[in-house]
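Reader: I would like to learn how to read a model of this kind feature by feature. Could we go through it together, with the general idea first and the particular case after it?

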Amino acid sequence: MNSFDQSALLLTILVPLAGAGLSMFLPRNRPNDAWYFAIFVSAITLLISVALFVRYDFGAGGYQFQRIYEWLDAPLNIDLHLAMDGIAATLVLLNGIVLFGAVLISQTIKHRSRDFFVLLLALGSGVFGVFVVQDLFFLFFFYELAVLPMYLLIGVWGSSTIFDPDRQRLWGIPIPFDLGSYNRPKEYGAMKLMLVLVAGSVLIWIGILAMYVAAAQEGSPTFSMVELGVLAEQGAFSPAFQNWVFPLFMIGFGVLAGLWPFHTWSPDGHVAAPTGVSMLHAGVLMKLGAFGIIRVGMVLLPEGAEAWMPVLIVLGTVNVVYGAISAMSQRDLKYIIGYSSVSHMGYVIMGIATLHPVGLAGAVLQMFSHGIMTALMFAMVGAIYERTHIRDITVLNGLMKRMGYTSFFFAIAGLASLGLPGLSGFVAEFMVFVGVFKTYLPLAVLAVFGAALTAIYILRLLARTFFGEPDPRWEGLNDASPVEKSVGAAFVLILLFVGVWPAPLTRVINVGVDSVMKLF
Amino acid sequence: MTAENLTANLHLLTPEFVLAGFALLVFVLDLLLSDEHKDLLGWLSALGLVGLAVLSVLMLAGENESLYNGLLAVDAYSLFFKVFFCGIGVFIILSSIDYVKKYLNHPGEFYGLLLFSILGMNLMAMSRELLTAYISLELLSFSLYVMVAYALGNPKSNEGSLKYIIIGALSSAILLYGLSMVYSTLGVTRFEAIAEALMEGEVVSPALWAGLALIVAGLGFKLAAVPFHMWAPDAYEGAPLPVTAYLAIASKAAAFALVLRLLAEAFVPAGDRWDQWQIILVVMAALSMLVGNLVALAQRNLKRLMAYSSVGHVGYLLAGTAVLAQDSLLGANGVIFYLVGYSVTSMVVFAALIAFFNATGQDEIPDLAGLADRQPFLAMAIAIGLFSLSGLPIFVGFTIKFYLFTAVANEGYLWLAGLAIFTSLISLYYYLQVIRQMYIQPALAAPAEGDEHRSGEEGIEARPEAEAEEHLHTPAHHEPASDYVPLPRPSPALIAVVGIGLVATIALGVYPAPLLELVESASAAILPGS
Amino acid sequence: MVPLVAFQVLSAALFAIGLYGVMARRSAVLIVMSIELMLNAVNINLIAAASHLDGMGKWANFDGQIIAIFVITVAAAEVGLGMAIILRMYRNRSTVNVDEINLMKW
Amino acid sequence: MVWAWLIPVLSFAAVPLIILFGKRLPAKGSPLAILAILAGFAIFWVVFAGFLSASPDTEGCEIGVGTEALTCNFKITWFEAGIPGADTSNHDRIEVAWGMTIDPLTIAMLGLATFVALMVQIYSLGYMRDHDGNFDPRLDWYYAFHALFIASMLTLVLADNFLLLYVAWELVGLCSYLLIGFWHERPEPREAAKKAFIVTRIGDVGLLVGILLLWSQVGSFSMTETFAAIENGVLSDGVITVSALLLFLGAMGKSAQFPFHVWLPDAMEGPTPVSALIHAATMVAAGVYLVARAFPLFSASDTAMLVVATIGLITALGAATIALVATDLKRILAYSTISHLGLMMLSLGAFGYTAAVFHLLAHGFAKALLFLGAGSVMHSTDELDVRQMGGLRRVMPVTAILFSIGALSLGGIPILAGFWSKDEILVAVNKELPVIFIVLTLVTALFSALYMARAMFVVFYGRFAEQFEHVHDAPKTMSITMGLLAVFAIVFGLLALDLPGPFKGIGYFIFYHEGHGLVVVAWVMGLSTLLAIAAFIFGYLAYARRSINLDGTRGTFARVLEVAENKYYVDEIYQWTVDRVVLSLSRFIAWVDRALVNDVGINGPGDITRVLGDRLKYHVTGYVYTYALAMALGLIGLAIFWWLVSR
């Protein structure tokens with residue numbers, strides 16, 4: 001272990017956090033300084049995460065870069081125990097990439113930009129934290145830290161969506177009473193996102209306490225996931241206990257993963273959020289939920305997991321189909337992407353719920369690919385919205401002529417999301433299908449069908465928005481800025497690379513999956 | 001017992017004597033100083049308190065004595081709270097200097113009373129006997145009655161203090177009646193005597209438990225625990241802001257200092273009888289959490305909001321006290337740790353609010369609109385404070401809640417911990433409403449416009465200019481309000497208080513280990529069993 | 001020799017009356033007086049208990065009386081403070097009727 | 001032979017180059033694509049030669065399972081997933097390979113695809129200009145898509161495992177989407193492209209599920225292993241039938257079999273060369289290829305075979321009737337394609353393996369030729385409605401002649417390519433299937449000759465339409481390519497005869513189980529020839545000479561014709577389903593999501609809590625005696641409670 005390996009994981013957390021702290025002292029009135037500084041910080045984190053991923057020895061597998069920092073001794077026995085396995089390595093890489101992209105894209109934030117980047121970096125740090133800790137306390141600590149900034153990020157820098165009467169139709173018949181539901185000021189989105197996510201974490205917290213108590217009754221009170229894992233393997237947790245604690249984690253984390261029916265924060269939140277935040281949130285934060293289910297639920301409560309997975313996989317399937325179908329009739333670009341995120345997270349959930357090595361690996365790969373893909377989509381939508389101030393696809397059309405690059409990048413992302421081979425989405429979804437097929441055949445058929453549905457709304461979106469006669473309104477429009485171009489190009493390359501040669505990712509994921517599947 | 005050993009270790013009371021003398025000194029100086037120099041008194045008392053804290057640490061560190069045949073205890077526990085109370089006093093004084101100069105007359109008495117109340121609190125932390133406890137409690141209460149009434153011209157302040165004193169007197173009567181019943185059954189009123197009585201008699205005489213019930217009720221008032229909480233909102237709202245802060249932080253802490261010792265020394269040793277009685281506190285705790293946080297949802301006035309939220313926090317603390325146990329310090333640690341963290345955080349919030357009030361004279365939630373543009377530092381301080389109170393990391397609020405709830409769950413009250421967590425979710429909602437005013441709502445031209453912005457439950461209502469829009473399309477981002485008036489910079493003292501408070505909030509949230517060692521030594525002093 | 005119970009009943013009655021007064025009276029002054037009543041109930045209880053503790057009517061220990069004295073002093077102070085505040089209330093609002101004293105509620 | 005992988009890879013490589021640098025290169029980088037495919041074509045011959053000289057003991061080669069033909073496999077691992085090092089057969093790990101298999105079928109398809117693609121791309125150089133002769137502004141994208149299209153198709157035919165095949169399959173679908181919708185400014189191509197992609201995609205669901213089903217039984221995606229498993233009877237009949245039908249679903253989507261045929265006629269909204277490519281060599285060929293490739297699977301299940309045959313027949317007959325009455329030149333050709341694809345499926349269903357592939361090739365050349373001809377007509381006249389045309393041979397003789405060759409070949413006039421292949425199909429159907437099939441097939445053959453005659457005579461012969469006085473014939477690039485295709489359309493059929501040399505005739509090259517020479521059933525060959533010639537004579541009289549007047553007859557068949565002209569209302573049915581069912585369902589779900597799940601499920605508890613707080617606050621009345629009362633009650637409650645617990 002050289003000095004880098006010693007401290008790398010700690011750095012992933014500290015660098016963004018320190019960056020956030022330092023940015024507070026930047027001058028308020030010079031937005032660009034804050035941006036440059038944030039770029040600098042996130043670039044460093046990107047380098048660290050890439051280095052971590054590359055240096056992760058997939059031959060050896062297991063947890064690497066272990067480091068334990070004493071934090072509280074008895075009776076709570078909380079340590080800052082850092083370690084990274086194959087799954088975490090992938091997601092750390094994802095977070096590094098998306099964070100950097102989000103910061104770059106946020107060039108357009110001018111109003112109170114310093115505060116914006118402070119919060120954004122804090123968010124990133126929290127996400128890193130969740131991925132690399134091995135202690136329930138700190139896992140929850142960073143989990144909350146990642147949720148905390150969202151309210152302000154959306155509330156202050158977000159944008160509202162306004163009620164539109166003819167959305168309120170059912171088979172063409174207008175619904176007489178106002179559901180108030182298409183009226184989405186950013187405050188609402190922010191508040192709902194915050195409250196729903198924290199409500200989820202209430203369950204998680206209770207679950208964690210239950211774990212601690214159970215461990216204490218075994219005579220070794222601890223929050224350390226390693227020791228809890230050992231206890232679990234010794235069968236310290238009775239099946240009854242597992243059966244009522246697992247759902248706490250399943251739903252608690254599931255909320256953040258957009259699990260149906262707790263998903264509605266996701267479209268509203270992502271629509272209201274500013275571009276950079278949507279990228280980070282849909283791209284990485286939603287993965288925290290799925291990651292939590294794997295890392296806490298499955299590893300610590302295997303029997304509970306086996307008992308509950310049938311429920312989870314049904315919900316996941318509902319996610320896939322339901323999300324796709326509701327996306328079909330959306331008009332707001334961001335809502336379409338929001339619902340497609342719900343649908344795609346469904347594949348992640350299904351993959352996890354299969355408890356099948358290939359399916360689980362697919363879930364993790366899907367986390368990565370969906371992260372990049374949806375981040376790219378939000379980035380491009382942001383670029384469009386910056387220029388046109390319109391997100392209604394019935395009003396937008398023929399952008400291709402004026403915004404060639406933006407359209408191209410968006411189209412690639414869209415194709416990736418409808419599972420086109422050669423792009424990352426396909427490999428991941430295919431692996432999930434394989435897993436589900438071996439375990440729950442009928443649902444697998446539904447899932448494949450859901451993938452076909454995705455094609456419908458994505459193509460509809462592309463046709464409406466980008467193709468067609470260029471509208472005179474877009475005369476003055478200029479294409480993506482150099483920053484946006486470079487981000488888009490980079491993300492497209494990643495999508496292609498993973499789609500054409502997923503082995504570098506899968507071989508790392510596989511070892512992570514291996515260690516999880518050993519429990520089943 | 002003879003006069004010698006009565007006065008043998010009298011020197012251990014030096015800090016109290018010094019404090020009393022110092023308070024009187026302040027009164028005297030008040031007469032001599034001319035009006036424009038009165039704020040010197042504030043600095044002087046603050047300085048004095050710092051000195052006192054240092055003095056008590058130097059003198060009493062490591063002492064573990066019981067004075068007057070077990071009336072007063074001089075141990076790590078009381079020492080901890082002495083320093084703690086002095087610290088609170090210093091912060092309160094520093095943050096109130098401007099306020100006092102601007103809004104109140106007779107500053108001298110103000111600081112003097114404050115010092116006396118601190119003396120009372122110190123004694124509460126020390127006392128191991130009901131009457132002593134009662135007397136020191138009254139010393140605190142009387143000072144508070146006066147301080148609440150301090151804004152002479154203001155009918156609200158007056159009304160608040162009237163309600164406060166009436167209910168306070170009532171509760172002290174109840175407490176005393178309980179005391180008398182305990183005395184009439186045992187003939188003594190020392191805590192450990194009660195413990196012995198509880199331990200030996202297999203059946204508790206009705207008079208005894210009735211007395212204890214009365215005592216708990218009396219103390220319940222001091223804690224503002226449901227159903228003895230109703231005075232709190234009025235007193236908080238009526239009182240001048242620094243006094244509100246003082247009420248919310250110090251008097252609560254002192255009451256818990258007393259309750260903890262009482263429970264730990266009189267009840268906990270009773271073993272399974274204590275296990276029976278836990279449920280009583282548990283129920284009070286649950287009620288306080290629910291009522292406090294639910295009613296806080298409906299508040300408009302910041303002080304009132306803080307009052308109800310503090311009722312909620314009392315609920316959490318009571319849950320902690322309910323799980324005191326002979327064999328584990330977890331509960332006691334949790335409560336004390338929570339007290340410290342809660343005080344630090346509320347100190348930040350209140351100091352910032354005081355600064356805001358000094359500048360604007362407003363204390364309604366909608367008045368905060370656009371604060372993030374008008375005075376970013378205050379806005380940030382309040383936001384961080386509220387996030388911490390609602391129990392989000394990296395702030396101390398998260399750590400203390402986690403510790404306390406773990407303690408509660410560990411004693412077998414997982415459902416209570418769950419309820420506590422759930423209610424802190426509710427609290428998050430109303431704290432966010434405040435933050436929303438500061439950061440999202442544009443600054444108002446005049447406070448009168450507050451009403452329309454207040455209706456924004458869950459922010460469902462759309463921004464007026466947005467409703468005009470045709471299709472899904474609004475102005476890109478929230479633009480800074482053009483017409484806001486930046487607030488004047490708060491005084492250095494306030495900035496210092498807020499700054500230190502913020503640092504403490506984050507530092508304790510990230511690395512509480514050193515503090516927790518002190519806390520453990522303190523709770524070990526009252527729970528020698530473990 | 002009057003048994004202790006008699007005194008206790010008496011003090012309990014006094015206490016109850018006082019408590020009732022606090023709730024029933026509308027004048028702040030009378031409320032404070034009712035509280036005094038409750039405190040006196042306490043005193044009776046204490047002194048009686050002190051004298052009966054060993055059952056022989058001899059003074060067993062002085063704690064009871066001492067506590068009573070403390071209580072009286074404290075009560076006096078309380079009344080003084082209470083009256084002062086009520087007076088101030090009368091100056092501000094020219095009423096001491098608690099029905100009218102509810103600027104702050106909910 | 002190992003270098004076969006270069007054929008697709010070259011074209012793949014051309015794509016990014018054209019996209020990135022096309023704007024700066026001459027002719028917008030189109031030469032890159034053409035060179036790539038030209039090289040591919042060259043390599044094809046090398047591979048072909050190599051394959052002919054190969055034998056079972058050549059490295060990587062063996063006698064293929066199922067088809068007893070020589071098969072050569074080469075592969076490298078692509079990626080693995082699951083438990084590292086676990087055994088794939090117990091499904092804990094999947095291993096996917098970049099692998100290619102080379103057998104006669106592959107060779108045939110390679111030849112067809114590379115050649116037609118080459119022709120089309122050269123042809124496009126002439127076609128993709130406006131009348132002032134300057135290139136289409138997006139020519140670089142056009143050629144990029146073309147390169148990608150053909151590259152994917154070549155990967156498809158080379159793939160040695162189902163997954164890779166599916167990958168290429170989807171890419172083919174994408175490219176057809178991109179090229180059909182190439183002129184996306186107009187709404188029709190946009191919609192057509194969407195339709196093509198989505199309809200085929202629905203079929204692909206079946207394909208993917210079928211692949212996964214096979215995997216879940218076999219534990220591998222490799223075709224060889226799958227077929228081996230079938231041979232060894234590892235798979236139950238049920239599984240075989242189901243998975244075969246699922247694969248066929250995919251094939252139906254791509255090869256526009258009823259009821260998935262709707263996308264193909266609209267697909268001619270794209271540039272005509274694209275239609276040529278789609279109809280001849282790439283897109284629609286894929287479906288037939290898939291069934292042929294998975295023939296060991298299909299032939300193992302009689303049910304599947306019968307379904308294939310029936311669907312094929314229905315498609316063939318229905319499409320032929322529509323083609324008879326269609327008025328748009330390209331639509332006529334489109335429906336004729338569908339009909340012929342139907343014939344191929346029918347023949348596969350009738351174990352006419354050789355015949356099907358043979359017809360695929362023959363039809364490919366002819367149809368490409370026809371479309372390019374139609375393209376050159378359209379390019380010069382900007383007119384597609386046959387009723388407006390007439391006697392065009394006067395102004396564009398070359399096109400006229402070449403088009404006629406194509407038409408005759410496809411119509412099944414003897415010694416032209418189409419004649420031989422169609423005859424073999426008829427023989428197979430006659431041999432394997434009940435008599436009704438052969439009857440209907442002959443009817444189809446007659447119809448296809450008829451509509452070909454109609455298209456050819458109406459457009460190029462008969463009364464000259466004056467408005468085309470000064471249109472000029474196709475430019476060199478176009479006519480030369482058409483000429484080359486025409487050559488094949490004429491002579492290719494001769495491969496059916498027994499030849500000297502290593503290539504002993506198609507029957508000995510592409511076969512299933514055992515090779516055989518040309519099988520001649522006299523009455524079948526005679527009858528079909530008769531029908532074809534009769535049809536063309538009738539066509540000449542009716543459409544060129546106008547000596548037979550059809551207008552009178554229309555009245556009698558009005559109802560039937562109307563149904564046929566409306567394409568049996570299949571499109572309308574689809575439209576109705578999409579609008580009324582799918583979309584309103586999605587609107588309903590979206591509404592449920594907002595109204596129930598969100599407003600009730602998520603907001604509800606929040607609102608309840610808030611209201612609760614709002615009501616609860618009134619307990620603090622502001623009257624001090626209420627507070628006292630509360631304390632008293634609390635005290636009593638406390639006392640009682642205490643008494644209860646300490647009893």
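Reader: Which residue in β2(D) stands opposite D:C61?

Author: Keep in mind throughout that this is a predicted model. To read a pair of strands, look for the bridges that join them and for the residues that face each other across the pair. In this case D:C61 stands opposite D:C72 in β2(D), and three bridges join strand β1 (residues 61-63) of chain D to strand β2 (residues 70-82) of chain D, the two running antiparallel.

Reader: How many residues lie between β1(D) and β2(D) in the hairpin?

Author: There are six residues between them, and in this turn D:G66 has a positive phi of about 80°. On its other pairing, β2(D) is joined by 10 bridges to strand β3 (residues 93-102) of chain D, again in an antiparallel arrangement, with D:E80 standing opposite D:E95 in β3(D). As a general guide to such strands, in a regular strand the side chains alternate between the two faces of the sheet.

Reader: Which residue other than glycine has a positive phi in the loop between α8 and α9 of chain D, and is D:A256 buried or exposed?

Author: The residue is D:A256, which has a positive phi of about 50° although it is not a glycine, and its place is in the loop between α8 and α9 of chain D. D:A256 counts as buried because it has 30 C-beta neighbours inside 10 Å, where the cut-off for a buried residue is 20 or more. That loop, between α8 (237-254) and α9 (263-267) of chain D, also holds D:P259, which a cis peptide bond joins to D:F258, with omega about 5°.

Reader: Where does A:R112 lie in chain A?

Author: A:R112 is found in the loop between α3 (86-105) and α4 (113-132) of chain A, and its phi is near 55°, a positive value in a residue other than glycine. A:R112 counts as buried because 22 C-beta neighbours are inside 10 Å.

Reader: Where in chain B is confidence lowest, and where is it highest?

Author: Confidence is best read first as an average and then stretch by stretch. Chain B averages a pLDDT of 86, with 91% of the residues scoring at least 70, yet the mean is lowest, at 38, in helix α20 (residues 464-467) of chain B, and highest, at 94, in helix α13 (residues 302-322) of chain B. Over residues 446-481 of chain B pLDDT stays under 50, and the model has 73 contacts beyond four places in sequence for these residues.

Reader: Which chains share the most contacts?

Author: Chains A and D do, of the five pairs of chains in contact, whereas chain A and chain C do not touch, their nearest C-alpha atoms being 25 Å apart.

Note on methods: Residues are numbered from 1 along each chain as its sequence is written. Chains are lettered from A and ligands numbered from 1 in the order in which they are written. Two residues are in contact if their C-beta atoms, placed from the backbone, lie within 7 Å. Two strands pair if DSSP finds at least two bridges between them. Helices (H or I, at least four residues) and strands (E, at least two) are DSSP runs, numbered from the N terminus. pLDDT is the predictor's confidence in each residue, from 0 to 100. A residue is buried if 20 or more other C-beta atoms lie within 10 Å of its own, exposed if 12 or fewer, and partly exposed in between; C-beta atoms are placed from the backbone.
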